[in-house]
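Reader: I have a model on my screen and some questions about its packing and charges. Can we go through them one by one?

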Amino acid sequence: MKKVISMLLSLVMIISVFSLTQLNAFASQSTTVKFEQSEARTVLNMINSFRASSDAWYWNSDNATKTYVNSEPLHYDYTLEKIAMQRACELIYLYKHQRPNGSSVFDAYTQYGYSSTGKGENIANGYPEFSAEEVNNAWREDNEYYEGQAHRRAMLEPRFKAVGIAHVYYFDGKNNIHFWVEEFGTDVSNTTYTAPNDSWVTATLNDDKSVTVSNLTPNINSSAPFVTSNNNAVNVSNPKTPTVKSLKKGKKSFVLQWKKMKNISGYEIQISTNKKFKKAKKVKIKKIKTTKLTVKKLRKNKKYYVRMRAYRKYNGKNSYSAWTKTKSVLYDRF
């Protein structure tokens, strides 16, 4: 099935203004949508890894020289996250850097009590699937030149200090239509941890073209204290346990296969000749699309025990699922 992706960017900074728009995508007056905030928050580490890497550059307008950026890690701001969730639901009715009632996209910042001298928004939509890793890679625009790297420059902008991210989707009768939003700010408003919202809600387009979202209300708190993410008590829910599909023996090797998972950062696999996994070999897999591991150079007449678990990384800390049931293979001949 063909995957369709569309992206737009809007920035308001002290010294510059960028705006791109596209025709609206209209849904019904009342739409049932699904927030995926556990997955959305995983993008924070992707952005900060990008900002700290040797890839933190963008083309200058001459498309011949580059600007390398030295940016600090972004704080995750829970007020900006609410703004992003609001905007994600609005994009269902008008896919544009403008609210459905015709007001500025940045009026949503005021609605939720966020005040900042610089603001920015990245948006994207796609179907039938559109994961956190896919949208982050799309926004990076690695293979574009200057005119096509507006999202990239927003992600690397050193004046931005905070970000909130949202992911929502609805079913149009044929496909799940996904919307992603990043809201950036030059000020940090609220870093007090709240549990991720992964619920089904109703997004309603009212007669005045405003959009109200059930289970999402403005939290006016523009004077919230500045608290760095390093001092936050992080209480991220543990991911589900992976499902192992098979463990098959090969020639001096075995192949472990499992079902693909969403809303995780990776997998950890343990391999041992001891059923209590003493001195176990550990394999960490960071590519969440990976669903197979081949282990070679096994020893004759040895029984190998294997188990795995998933993990989700948030603010530098990992939360783990339970281990799968132990699987084993016996290598008695080659």
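Author: One term comes first: helices (at least four residues) and strands (at least two) are DSSP runs, numbered from the N terminus. Keep in mind that this is a predicted model.

Reader: In which strand is Met308 found?
Author: Met308 is buried, because its relative accessible area is 0% and buried means under 20%. Its C-alpha atom is separated from that of Lys327 by 9.6 Å, with the two positions 19 residues apart along the chain. The strand that holds Met308 is E17, residues 302-314.

Reader: Which element gives the largest share of the largest nonpolar core?
Author: The largest nonpolar core has 33 residues, and Val33, Phe35, Ile83, Phe179 and Val213 are those with the most contacts inside it. Elements giving two or more residues to this core include strands E3 (30-35), E8 (162-171) and E9 (176-185), and helices H3 (78-91) and H4 (107-111). The largest share is 7 residues, and it comes from H3.

Reader: How many of the residues of H2 are buried?
Author: Helix H2 spans residues 43-52. Its buried residues include Val43, Leu44, Ile47 and Phe50. Asn45, Asn48 and Arg51 are buried too. H2 is largely enclosed by the rest of the structure, because the buried count is 7 of 10.

Reader: Is helix H5 mostly covered or mostly open?
Author: H5 runs over residues 132-140. Its buried residues are Ala132, Glu134, Val135, Asn136, Ala138, Trp139 and Arg140. With 7 of its 9 residues buried, H5 is mostly covered.

Reader: Which residue follows H5, and what is its phi?
Author: Most residues other than glycine have a negative phi. The residue after H5 goes the other way, with a positive phi. The residue is Glu141, and its phi is near 55°.

Reader: How far apart in sequence are the parts that Asp55 and Arg140 tie together?
Author: The two side chains meet in a salt bridge at 3.5 Å, N to O. Asp55 lies in the loop between helix H2 and strand E4 (57-59), and Arg140 lies in helix H5, so the pair ties together parts that are 85 residues apart.

Reader: Which of that pair is buried, Asp55 or Arg140?
Author: Buried means under 20% relative accessible area. Asp55 has 33%, so Asp55 is partly exposed. At 14%, the buried one is Arg140.

Reader: Which residues are linked with Asp55 and Arg140 in a network of salt bridges?
Author: The structure holds 11 salt bridges. Asp55 and Arg140 form one of them. The network also takes in Asp142 and Arg152.

Reader: How close are the N and O atoms of Arg99 and Glu90?
Author: Side chains of opposite charge can pair when their charged atoms come close. Arg99 is buried, because its relative accessible area is 8%. Glu90 is buried as well, at 1%. In their salt bridge, the closest N and O atoms are 2.7 Å apart.

Reader: How many residues apart are Lys289 and Glu134?
Author: Their side chains meet in a salt bridge, 3.6 Å from N to O. Lys289 sits in the loop between E15 and strand E16 (292-296), and Glu134 in helix H5. Lys289 is partly exposed at 47%, while Glu134 is buried at 18%. The pair links distant parts of the chain, and the separation is 155 residues.

Reader: What separates the C-alpha atoms of Lys260 and Lys289?
Author: Lys260 is in the loop between strand E13 (253-258) and E14. Lys260 is exposed, because its relative accessible area is 55%. The two lysines are 29 residues apart along the chain, and their C-alpha atoms are separated by 6.5 Å.

Reader: Which residues gather in the patch of positive charge?
Author: One member, Lys278, lies in the loop between strands E14 (266-272) and E15 (281-285). Lys278 is exposed at 57%. The patch lies on the surface and gathers Lys275, Lys276, Lys278 and Lys303.

Reader: What is the phi of Lys279?
Author: Lys279 is found in the loop between E14 and E15. Lys279 counts as exposed, because its relative accessibility is 89%. Its phi is positive, in a residue other than glycine, and near 55°.

Reader: And what is the phi of Asn215?
Author: Asn215 is in the loop between E11 and strand E12 (244-250). Asn215 is exposed, at 58%. Its phi is also a positive value, near 70°.

Conventions:
Residues numbered from 1 in each chain as written. Predicted model: local features only at pLDDT ≥ 70, side-chain atom pairs only at ≥ 80, totals over all residues. Heavy atoms only, no water. Patch = residues over 30% accessible without salt bridge, like charges linked within 9 Å, V, L, I, M, F, W, Y side chains within 5 Å. Areas by Shrake-Rupley, 256 points an atom, 1.4 Å probe, with all protein chains shown as cover. Salt bridge = Lys/Arg side-chain N within 4 Å of Asp/Glu carboxyl O. Lys, Arg positive; Asp, Glu negative; His and termini not counted. Charge placed at Lys NZ, Arg CZ, Asp CG, Glu CD. Buried < 20%, exposed > 50% of the residue type's maximum accessible area, 1.4 Å probe, protein only. Core = buried A, V, L, I, M, F, W, Y, C linked by side-chain atoms within 4.5 Å.
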